[in-house]
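Colleague: I've got a new model open and I'd like to learn how to read it. Can we walk through it together?

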Amino acid sequence: MQVATDQDLGIGPTREGLLHALYEAAELEHNLMCTYLYAAFSLRDDDGLSAEEKAACARWRDVILHVAIDEMGHLTAVWNITAALGGQPHFGRTNFPLDPGMLPAGITVKLAAFNEQVLQHFIYLERPAGSTEPDGEGFAAPWAYAREVTNWRITPMPVDYDTVGVFYERLSVCLREFVERHGEAVAFAGDPALQLSPGEIQLRGANPVLCSNTALNAFAAIVEEGEGARLHSPNSHYARFVQVREELRALKAKNPDFEPAHPAATNPVLRRPLVQHGRVWIENEEAARLVDLANTSYGAMLRLIAYAYSIRRPHAEKSLAVDLAMGLMRAMTKLAERAARLPAGPSYPGCNAGMSFVALRDAAAFTPGPGARAFFVERLSEMATVAQQLALDGDERTVAAARMFEALRVRGERGFARAALELPVVVPVSAPAAASAVSADGAPPVPRREGAVDYIEAEKMTLIYEGKRCIHARFCVTGAPQVFLANVPGPWIHPDKMDVDGLVEIAHFCPSGAIRYKRKDGKPDESAPPVNVLSIREAGPYGVRGELEIDGVAGEYRATLCRCGASKNKPYCDGSHHDVQFGASGEPATGTQTDMLAVRNGPLQIDPQLDGPLQVRGNLEITAGTGRMVARVTSARLCRCGGSNTKPFCDGTHAKIGFRST
């Protein structure tokens with residue numbers, strides 16, 4: 001990415017050179033993310049700590065994980081810029097530890113458990129320009145060398161830099177010159193619909209790059225938030241790590257024997273290494289199997305994100321790939337934490353195992369289509385099977401991971417099957433039309449039951465009733481008392497006692513979708529409303545109307561979804577909010593996202609996250625119970641544990657209170 005000189009024949013920075021530098025940026029952000037995660041996984045939470053020490057370790061884990069999430073955002077920004085320039089985002093990296101020459105001599109990358117030296121290394125990596133922070137002990141480069149070629153070459157060459165901030169500054173200079181030479185339209189020739197956006201993933205770096213301003217702003221955000229922030233930026237990675245260092249020193253002063261982390265291996269590997277120095281071979285088979293599955297989920301995660309970059313937005317399959325990838329990262333975290341608590345093997349006394357983040361030989365995107373979908377479905381099934389076997393040990397983390405893998409398997413099978421059809425999967429609402437089952441003496445027809453759904457045949461319609469979905473809103477028994485006879489023994493629905501058009505209107509009043517229908521008179525069945533609306537009911541559920549796809553199943557237009565966390569029919573409400581005396585307001589404050597949407601209808605995808613919120617994608621107006629506007633969104637995570645302090649939006653409380661969705 002060399003800046004042009006008088007001897008360069010007027011070529012200046014090239015697209016190939018920019019892509020080459022962006023690939024290094026991706027590897028750099030990717031590797032830092034892995035090292036931060038590894039340190040966070042090693043932090044203790046056991047009873048051998050004092051209450052103060054335990055709280056500190058939990059706090060430091062959150063700090064490091066949030067920094068790792070920031071790195072994921074930086075990585076996404078780099079991938080989006082790469083795609084904007086017409087390149088394929090880069091997902092590969094070499095295995096740990098990195099060999100000298102992959103990065104400048106001043107950047108050493110290896111996996112190690114949290115301690116004072118590792119923390120100092122993180123501070124050194126994130127240091128602002130002008131900082132005099134030293135590197136952590138044991139992280140100094142084995143020798144000094146220069147990668148950079150001083151003369152200009154058309155073949156991309158690596159560059160050296162003292163800090164990552166300097167690297168991004170040089171990259172910004174080259175991008176500006178490239179755009180000045182070729183123009184905005186030519187420079188940013190990539191399809192923006194291939195990039196990731198907030199509609200697919202909730203990361204600050206997931207903003208589509210359309211021009212030099214958006215690209216340069218992304219570089220500036222990476223520098224300001226992380227590597228290269230100003231010396232006194234209070235929320236930078238550097239500042240956050242320095243704060244952890246001060247807290248660690250204070251606790252060490254109180255208790256010199258305080259060890260905040262398990263002795264996880266430095267650079268663990270799953271097979272006997274050719275170069276054994278600086279690596280730990282995991283001999284313990286239990287730990288090795290855990291690490292193997294964690295590595296597998298990590299590799300599948302990268303493939304899914306790569307796949308997402310090959311699908312144009314908006315497309316449900318793009319969001320599906322991202323959601324599955326994020327789910328795999330959560331499952332991987334449980335396995336990695338468990339591995340850091342198990343011994344590495346007899347050759348390494350006092351040393352525990354740890355996830356090795358093995359890199360695939362190639363992680364490039366699959367071509368969208370049947371082959372890719374078959375691969376992902378097979379891989380998710382394989383991981384779920386292995387996870388179930390590992391969960392037999394009864395460990396809490398392993399059991400939780402197995403639940404996650406099984407949920408991802410089901411979600412993947414359902415989602416990729418829909419993608420293969422390229423049409424919504426509609427729930428069958430009736431069998432072939434049958435004659436009215438009304439008897440001569442006027443007795444109500446006997447329902448035909450399929451699963452939990454009753455089908456009641458009338459002359460001009462099939463009325464459908466799903467009792468598990470009913471929230472007893474009473475629109476049916478008050479609006480059509482001659483049809484719906486409450487509190488009577490036996491069959492209680494008389495669909496022929498009312499004109500079919502009137503009964504259709506009553507069905508549309510049912511907020512839960514427990515009452516549906518299929519007409520036999522040639523008139524149209526229910527269709528999607530002109531505006532997708534989610535209403536927040538006082539001390540009750542979400543009432544949602546739209547072109548709904550809930551948990552991968554499409555074809556309905558009304559539903560009430562649990563937000564108290566107590567329903568036994570999640571994600572649907574079953575009235576349990578009354579039993580638990582749920583008291584959340586139906587009148588939250590109006591938010592900042594209230595601008596009118598360009599499109600107000602269309603598919604509304606609602607994906608319940610395992611033990612987490614409702615992930616909503618699509619055009620949606622969120623209103624208070626009185627109809628007042630709360631927010632207009634195209635993507636949101638809605639609380640369903642009942643505990644969020646930012647209702648109706650999720651704030652992560654589900655993890656703190658141990659919410660279980662199944």
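Colleague: Let me start with a detail: which residue in S10 is the bridge partner of glutamate 547?

Modeller: That's proline 603. Keep in mind that this is a predicted model. The pair belongs to a set of four bridges joining S8 to S10, and those two strands run parallel.

Colleague: How many residues of S10 are buried?

Modeller: Buried here means under 20% relative accessible area. Strand S10 covers residues 603-608, and five of its six residues pass that test, so going by that cut-off the strand is mostly covered.

Colleague: And in which sense do S10 and S11 pair?

Modeller: Antiparallel, over four bridges, with S11 spanning residues 614-623. To find the register, pick one pair: isoleucine 606 has valine 616 as its bridge partner in S11. The two strands make a hairpin with five residues between them. Look in that turn for aspartate 611, whose phi is positive, about 55°.

Colleague: What does S8 pair with besides S10, and over how many bridges?

Modeller: With S9. S8 takes in residues 542-550 and S9 residues 553-561, and they pair in the antiparallel sense over seven bridges. For the register there, glutamate 549 stands opposite alanine 554 in S9. This hairpin has two residues between its strands, and aspartate 551 takes a positive phi near 55°.

Colleague: Let's zoom out. How many helices and strands does the protein have?

Modeller: There are 15 helices and twelve strands. For the overall fold, set the radius of gyration against what a globule rule gives for the chain length. The protein comes out at 28 Å, close to the 26 Å from the rule for 662 residues, so it is as compact as a globular protein of that length. The C-alpha atoms fill a box of roughly 100 × 65 × 45 Å along the principal axes.

Colleague: What share of the residues is buried?

Modeller: It's 54% of the 662 residues. You can also ask how far apart in sequence the contacting residues are. Among contacts between residues at least 6 apart, 68% join residues at least 24 apart.

Colleague: What about the surface: how much of the accessible area belongs to carbon and sulfur atoms?

Modeller: They hold 55% of about 28,800 Å².

Colleague: Last one, on charge: how many positive and negative side chains are there, and how far apart are the centres of the two sets?

Modeller: Count 68 positive and 78 negative side chains, with the centres of the two sets 4 Å apart.

Definitions and conventions
Residues numbered from 1 in each chain as written. Predicted model: local features only at pLDDT ≥ 70, side-chain atom pairs only at ≥ 80, totals over all residues. Heavy atoms only, no water. Rg over C-alpha atoms; globule rule 2.2 N^0.38 Å. Buried < 20%, exposed > 50% of the residue type's maximum accessible area, 1.4 Å probe, protein only. Contact = heavy atoms within 4.5 Å. Areas by Shrake-Rupley, 256 points an atom, 1.4 Å probe, with all protein chains shown as cover. Lys, Arg positive; Asp, Glu negative; His and termini not counted. Charge placed at Lys NZ, Arg CZ, Asp CG, Glu CD. Pairing = 2+ DSSP bridges.
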